[in-house]
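Trainee: I should like to take a close look at a single part of this model. Please treat it in one connected account.

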2 protein chains.
Amino acid sequence: MHDVIVVGAGYAGLCAARRLRTAGLDILVLEASNRVGGRTHTSHVAGNWAIDLGGQWIAPTHTHFTALANTYGATTFTSHEQGDNLLLTNTSRHRYTGQLPPLPPHITALLAAALWKLDRLTTRTLTTTQAQHLDSTTVATWLRRRLPTPHARRIAETVLGGELSVDVASVSMLALITAIRSTGGIRGGIEAETTGHLFTHGADGPAQSIAAELGDAIRLNTPVTSIHHTKDDVLVDGLRAKRVIVTIPPPLAGRIHYDPPMPAARDQLTQRMPMGSALKTFAVYDTPFWRTDGLSGLTLDLDGPTTFDVTRPKGPGLLCTLITGRAAQQMTELTTEERKAKTIRSLIRGYGPHAAHPTDWREKNWTEDPYCRGGYSAYYPPGVLTSIGPALRTPIGRIHWAGSETATQWAGYIEGAIRSGERAADEALHTEPKFKKREIPD
Amino acid sequence: MHDVIVVGAGYAGLCAARRLRTAGLDILVLEASNRVGGRTHTSHVAGNWAIDLGGQWIAPTHTHFTALANTYGATTFTSHEQGDNLLLTNTSRHRYTGQLPPLPPHITALLAAALWKLDRLTTRTLTTTQAQHLDSTTVATWLRRRLPTPHARRIAETVLGGELSVDVASVSMLALITAIRSTGGIRGGIEAETTGHLFTHGADGPAQSIAAELGDAIRLNTPVTSIHHTKDDVLVDGLRAKRVIVTIPPPLAGRIHYDPPMPAARDQLTQRMPMGSALKTFAVYDTPFWRTDGLSGLTLDLDGPTTFDVTRPKGPGLLCTLITGRAAQQMTELTTEERKAKTIRSLIRGYGPHAAHPTDWREKNWTEDPYCRGGYSAYYPPGVLTSIGPALRTPIGRIHWAGSETATQWAGYIEGAIRSGERAADEALHTEPKFKKREIPD
């Protein structure tokens with residue numbers, strides 16, 4: 001009989017377990033895959049240089065993640081940002097500096113006006129009617145109305161689709177606003193992106209450190225298939241505990257067999273929050289050669305992946321590409337060789353013939369990961385947030401819910417995962433009479 | 001070792017099994033619940049009069065269902081349609097005849113124009129760009145643009161939401177068009193509704209007859225949790241067969257554990273096709289008293305359920321109410337007594353104080369059914385149909401997919417379920433070398 005069983009050893013699960021153990025509880029963490037870290041996953045290329053196949057950024061406003069990184073001595077560095085960015089299509093290539101690609105003045109004005117309107121929506125309190133209207137509208141519809149020029153719209157669609165890891169056609173406008181709010185508004189989000197750091201030894205470092213502390217309280221290769229729950233305890237695949245914290249993504253949490261079954265709202269919510277689609281690749285070169293051409297490595301390719309420079313200090317040249325939404329789904333249908341060729345064609349368009357011959361090439365397709373089945377996170381299709389959205393966080397008896405999606409701040413980020421795990425741990429601590437005396441020291 | 005295992009004993013599963021057995025194959029049907037019929041479910045009130053808690057209608061254009069009903073001698077009757085219909089709100093009550101509620105001429109004109117536009121969309125071939133545009137738009141957005149008058153819009157939202165069992169805020173416009181096409185266009189759909197019949201002894205009668213024929217080839221109370229599949233055979237919870245036909249709703253099919261895991265497109269599709277929300281109730285009265293007031297029993301309540309007269313010939317008065325989408329989700333949060341009180345308040349608004357005292361009251365909340373988790377069927381949120389929609393029907397190795405959602409004609413209806421089961425049976429027959437010699441007699 002354990003005090004709490006935690007399902008999933010991503011940042012949410014590990015931070016929940018860490019907090020509960022600090023409070024003196026007996027915890028057990030069950031992880032389906034053969035590693036900890038969840039949607040962060042650090043791998044290595046020749047020379048033992050880290051590449052992050054999953055989440056990788058940390059920003060100063062990621063206060064919980066920063067505290068964790070400091071505790072475990074995980075060092076970070078500012079990624080290379082000097083030089084020109086690129087705006088690509090299949091037939092064009094433009095260098096630019098700053099945040100906005102080079103556009104005719106009237107298009108820049110349109111984008112600025114749309115951004116201003118979006119900013120107002122994210123900072124004002126919405127009435128119920130406004131919220132329902134925005135929730136019944138896709139981001140694609142909103143952009144079509146605000147950005148009548150196809151080129152400006154295509155840029156906005158690419159940028160927002162990349163941020164959300166799902167096509168603007170599929171997401172509720174209210175969900176976009178909620179996502180932006182969760183990062184502290186447009187300014188907060190942009191500030192976090194422009195001051196973001198990467199981890200020298202990979203973003204799952206603190207997760208590995210927590211796992212080392214938890215030791216054999218973590219069981220790998222243990223997918224959870226059933227949770228029986230009563231007034232007195234829970235049985236997680238036959239393992240008994242007072243409470244359980246489920247930290248896996250909502251659609252996968254919905255695939256666990258619950259006895260008794262989940263209430264209608266919770267069950268229907270897990271049917272209505274699918275995972276985005278994300279495919280990340282890394283091309284390794286002897287040196288970051290694009291820098292000598294005065295290029296930053298940041299490329300927005302309207303007909304291909306977004307590219308950025310993730311070269312470690314003194315390490316080999318590393319270009320990371322990110323493909324999301326429908327493009328990622330289409331890429332999934334290709335063979336690895338075809339995907340590689342297609343991705344490198346985009347790199348050649350941006351960085352010239354030198355890009356044709358990486359010394360190594362890696363990819364991680366999150367839609368094929370059997371224990372994530374998508375990335376970066378679950379999204380809200382229209383009509384969900386304003387109907388059964390609250391079922392995402394509401395505990396069901398002795399079952400608590402965590403995971404980045406359940407965070408109110410930085411949902412979908414590593415920061416959100418950490419906060420959600422800590423919040424769920426507190427929830428379990430404060431609602432369980434048996435744990436009442438326990439206090440978290442700091 | 002069986003030839004084919006069928007998962008689910010609704011109409012799709014039963015008709016697949018029936019066809020395969022006719023071809024001489026050894027089949028096994030595994031059903032999670034303690035009954036056959038799936039989303040049809042006939043119950044009885046005092047005097048052994050049938051009520052259909054689930055699907056209930058049959059129309060002349062439901063050719064496969066009609067053939068089945070004839071084979072098994074299931075008799076039907078035309079439901080009572082004489083008298084005035086009602087249009088209700090919390091504060092108003094209007095009698096009307098014909099299909100359109102009483103509205104000022106300019107609103108009728110707007111509705112007619114919207115209907116004409118919709119008809120054009122369903123009869124014309126759409127370009128890829130048009131299809132993608134419609135798929136990135138919710139039905140709510142389309143209605144807001146076409147019906148600027150709130151009252152007209154509210155009627156359209158109520159009617160379409162009732163047809164789709166989900167709020168217009170959540171559904172792709174392309175999905176609506178596809179649904180209408182699948183019924184043979186607007187005219188076909190309306191014709192089917194106006195010539196629809198009910199089954200004297202309930203709509204699951206033919207399903208019960210097929211089940212009786214299949215005998216112990218059906219195992220009840222056997223939820224399927226895992227399917228292992230190889231190049232040579234399948235193992236369904238340890239039971240071996242050459243092929244398996246999965247007929248349960250897409251989101252529930254997604255909850256089965258597959259080894260090896262499903263390809264990304266199939267997995268992400270099952271994450272993206274949630275079940276609608278439907279709650280059906282029956283109020284039983286000594287007589288169909290509303291008929292003496294010249295009322296048909298058909299009521300469109302903009303603040304409550306849709307009501308219709310399902311009184312059996314010579315049977316007690318039976319009013320059926322249907323609550324869908326967000327309203328059904330909200331009703332689910334109430335107690336049975338509160339739901340009953342709320343429903344009967346709507347009946348009183350329509351049919352007077354006599355409606356206050358039914359001799360019996362029944363309900364079926366499909367979102368709470370653990371083996372359906374919603375109804376009438378799964379729907380397409382925006383952006384799904386034009387991206388990974390085809391994964392709905394594409395077999396994965398030895399796994400075939402059926403169920404009403406997979407039908408190209410009458411998807412979401414009993415007719416679609418029957419056709420999908422027969423199609424999947426043919427698929428299994430024609431692709432399996434071992435079955436090659438088998439022929440279906442007729």
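How much area do chain B and chain A bury between them, and what percentage of it lies on carbon and sulfur atoms?

Mentor: The model is a predicted one, and the answer should be read in that light. Chain B and chain A bury about 3400 Å² between them, and 42% of that area is on carbon and sulfur atoms. Three residues of chain B stand out here: B:Arg255, B:Gln271 and B:Arg373 supply 20% of the area that chain B buries against chain A, more than any other three residues. In terms of residues, the contact takes 45 from chain B and 45 from chain A.

The polar side of the contact comes next. Between chain B and chain A there are 44 residue pairs in polar contact, both residues being at pLDDT 80 or more. Helices α4 (128-135), α5, α11 (264-272) and α12 (325-332) of chain B each supply at least two residues of the side that touches chain A. Of these residues, α11(B) gives the largest share, with 7. Sorted by class, the side of chain B that touches chain A has 15 nonpolar, 20 polar and 10 charged residues.

Charge pairing also occurs across the contact. Side chains of opposite charge can pair when their charged atoms come close. The count between chain B and chain A is 4 salt bridges. B:Arg255, already named for its part in the buried area, forms a salt bridge with A:Asp267, and the closest N and O atoms of this pair are 3.0 Å apart.

For context, the structure holds 42 salt bridges over all chains. A:Glu432 forms a salt bridge with A:Arg398, with the closest N and O atoms 2.6 Å apart. This pair links distant parts of the chain, 34 residues apart: A:Glu432 is in the segment after α14 (414-431) of chain A, whereas A:Arg398 is in the loop between β18 (360-365) and β19 (399-401) of chain A. A:Glu432 counts as buried because its relative accessibility is 3%, under the 20% cut-off. A:Arg398 is likewise buried, with a relative accessible area of 11%.

In chain B, the side chains of B:Arg291 and B:Asp309 meet in a salt bridge at 3.0 Å, N to O. This pair too links distant parts of the chain, 18 residues apart, with B:Arg291 in the loop between β14 (278-285) and β15 of chain B and B:Asp309 in strand β16 (residues 306-309) of chain B. B:Arg291 counts as partly exposed at 29% relative accessibility, while B:Asp309 is buried with a relative accessible area of 2%.

B:Arg362 and B:Asp360 also meet through their side chains in a salt bridge, at 3.1 Å, N to O. Here B:Arg362 is partly exposed at 26% relative accessibility, and B:Asp360 is partly exposed at 24%. Returning to chain A, salt bridges that share partners join A:Arg243, A:Arg398 and A:Glu432 into one network.

Note on methods: Residues are numbered from 1 along each chain as its sequence is written. Chains are lettered from A and ligands numbered from 1 in the order in which they are written. This is a predicted model: local features need pLDDT of at least 70, side-chain atom pairs count only at pLDDT 80 or more; totals for chains, interfaces and linings use all residues. Side-chain values use heavy atoms; hydrogens and water are left out. Contact means heavy atoms within 4.5 Å. Buried area is the accessible area (1.4 Å probe) that two parts lose on being put together, summed over both. A polar contact is a pair of N or O atoms within 3.5 Å; within protein, one must be able to donate a hydrogen and the other to accept it, and residues adjacent in sequence count only if both atoms are side-chain atoms. Helices (H or I, at least four residues) and strands (E, at least two) are DSSP runs, numbered from the N terminus. Ala, Val, Leu, Ile, Met, Phe, Trp, Tyr, Cys and Pro count as nonpolar, Asp, Glu, Lys and Arg as charged, and the others, Gly among them, as polar. Buried means under 20% relative accessible area, exposed over 50%, partly exposed in between (1.4 Å probe, protein chains only).
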